[in-house]
Amino acid sequence: MSIFETMSRLTALQSSADYPSTSTIIALSVFFSLLCACIIIGHLLEENRWANESITALLLGLCAGAVVVLVSKGSSSQILVFSEELFFLYLLPPIIFNAGFQVKTKQFFKNFTIILMFGVFGTLISLCLISLGAFLLFKRIGVTSLNTQDYLAVGAILSATDSVCTLQVLNQDETPFLYSAVFGEGVVNDATSIVLFNSVQSIDFNNINATISLKLLGTFLYLFFSSTILGIAVGLLSAFITKTLYFGRHSTDREVALMMIMAYLSYMLAELLNLSGILTVFLCGIVMSHYTWHNVTESSRITTKHAFATISFIAETFIFLYVGMDALDINKWKPSSASAGTSVAVGSTLFALVLVGRAAFVYPLANFINFIRKQDSSKIEFRQQFIMWWAGLMRGAVTIALSYNQFSNSTDTDREDLALMITSTIIVVLFSTVVFGSITKPLIKAVLLRNAKPSISDATDSPSLEYSRIVFIENSEPGDIVGDNPPGAPRRSSLRLLMTHPTRTVRDLWRKFDDTFMRPVFGGREFVPFVPGSHTGAADETPGT
């Protein structure tokens, strides 16, 4: 009897709801077939200046959703349902980590002031303007049931730029300054938008007092610095482990596995501690590329570099295909009884607010930076400001995920208006991604690359003659310098160098600190582990330098 009981239990297990159903297998087969089609079409359109993988995946997802709607005669369009958990926990981390792992750190930290100003202060300005504009204009359109929390949430939702699409429309080699500035701003912007969104949801608007702004500021600073410290700590821990234990002596697979798992662990720890996982995993990627990557064997370096890029590419394509298919979900459009004119008016209003909100901080902050910079070669030209404004107008999956979170679970306002906000957000995402994503590449070539002058990055890569002379004097021993610097003359202080050449001085001080204290403990470019039978070169370049 025991054999028959075992067989019956196995049969019951296979027929249970937990076992993958035929419809699930069919849906996944269709979805992975579409992923293959996206890769093939993207390869065929590689030289096309108007198209890229993100737009291809989005349009293919829309076509697949339309086919499902026609086949089901409008009763259903769901192959896979958009899930915030799937997006934030499984798809977004590898994309952001690979961006930090591959980013040119020299360019990124050179423009760190711009990135912070645009990513933090710019997001706050955009949130305030979008929220205020929605509050003043929506009632005239006919949307009257939203409350103060909903308006602030709209500002936070639409302030989140699409850093994923930025990776594909900007080229790190052709426009290094724009890539590092716009993408770096996008990462900080996404982290800031999510923090502000969560803060808005946690505020009790029935008991608003004068200290609420200070509480928001304190919460943001805590999350920003805590996330930064956590990302750096996990990256340094991985570097210390790989340097100390020499996994390559026995198995290079363990090296690769450890780097992947610890990278993902940094994101999970940040989410567990209610910090910004995006900022944490991005900085973890930068630290790993600077230290950990140099501590592993040559074969592991090649494997990790391509593995991270491949996983990121698949996740990016998956996201846009996912969003495109889910955009035609009938269940999201049915609850809204608004007319076509009202839907177009709300979507147009939101998009206009996005345009104004971004312009309101890009041009003033860029000109403020130009005002405090003395050298003309380091100033941001107007055409570069225009591209920074344009490239940051795209909205993506973060915007949709936050919109679902705010308006699909709320019960305080009219359900029809909530459905209208979700569908209007989808319209903004689709329009901005397809239109601005397709035009950005040719626009950059027309505005910047044709008869272009040396970019900011080119102008600041090599130090000026004055700075080189100052550093030479600073680093020379007494009696080494002959000429107009007589013996006994006072040497220039580090503080004066910091005031006159802040970026280059901080970079040189960091290099000295890194070579003296950090690399002996955590390894890095000069570290060459001895692995019998494996050639490991110290001259390999970091993934992002």
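**Reading a residue and two cavities**

Guide: Ser238 lies in helix α10. Please keep in mind that this is a predicted model.

Visitor: Is Ser238 buried or exposed?

Guide: Buried means under 20% relative accessible area. Ser238 has a relative accessible area of 2%, and therefore counts as buried.

Visitor: Which residues does Ser238 touch, not counting those up to four places away in sequence?

Guide: Contact means heavy atoms within 4.5 Å. By that criterion, Ser238 touches Met262, Met288 and Thr292. With Thr292 there is also a polar contact from side chain to side chain, at 2.8 Å.

Visitor: How far apart are Ser238 and Glu255 in space?

Guide: From C-alpha to C-alpha they are 9.8 Å apart, while 17 residues separate Ser238 and Glu255 in sequence.

Visitor: I should now like to turn to cavities. How many cavities of 30 Å³ or more does a search of the whole structure find?

Guide: A cavity is a set of points where a 1.4 Å probe fits but cannot get out. The search finds six of 30 Å³ or more. The largest has a volume of about 60 Å³, and the second largest about 50 Å³.

Visitor: Which elements give two or more residues to the lining of the largest cavity?

Guide: These are α9 (176–202) and α10 (212–245). Among the lining residues are Val188, Phe220, Phe224 and Ser276. By class, this lining has seven nonpolar, three polar and no charged residues.

Visitor: What classes of residue form the lining of the second largest cavity?

Guide: That lining has three nonpolar, four polar and three charged residues, including Asp162, Glu185 and Arg358. Its largest share, three residues, comes from α9.

Definitions and conventions
Residues are numbered from 1 along each chain as its sequence is written. This is a predicted model: local features need pLDDT of at least 70, side-chain atom pairs count only at pLDDT 80 or more; totals for chains, interfaces and linings use all residues. Side-chain values use heavy atoms; hydrogens and water are left out. On a 1 Å grid over the protein atoms alone, a cavity is a set of points where a 1.4 Å probe fits but cannot get out, and a pocket is an open set with protein on both sides within 12 Å along at least five of seven lines; lining residues have an atom within 4 Å of a point. Grid points are joined across faces, edges and corners, and a volume is the space filled by probe spheres set on the points. Helices (H or I, at least four residues) and strands (E, at least two) are DSSP runs, numbered from the N terminus. Ala, Val, Leu, Ile, Met, Phe, Trp, Tyr, Cys and Pro count as nonpolar, Asp, Glu, Lys and Arg as charged, and the others, Gly among them, as polar. Buried means under 20% relative accessible area, exposed over 50%, partly exposed in between (1.4 Å probe, protein chains only). A polar contact is a pair of N or O atoms within 3.5 Å; within protein, one must be able to donate a hydrogen and the other to accept it, and residues adjacent in sequence count only if both atoms are side-chain atoms.
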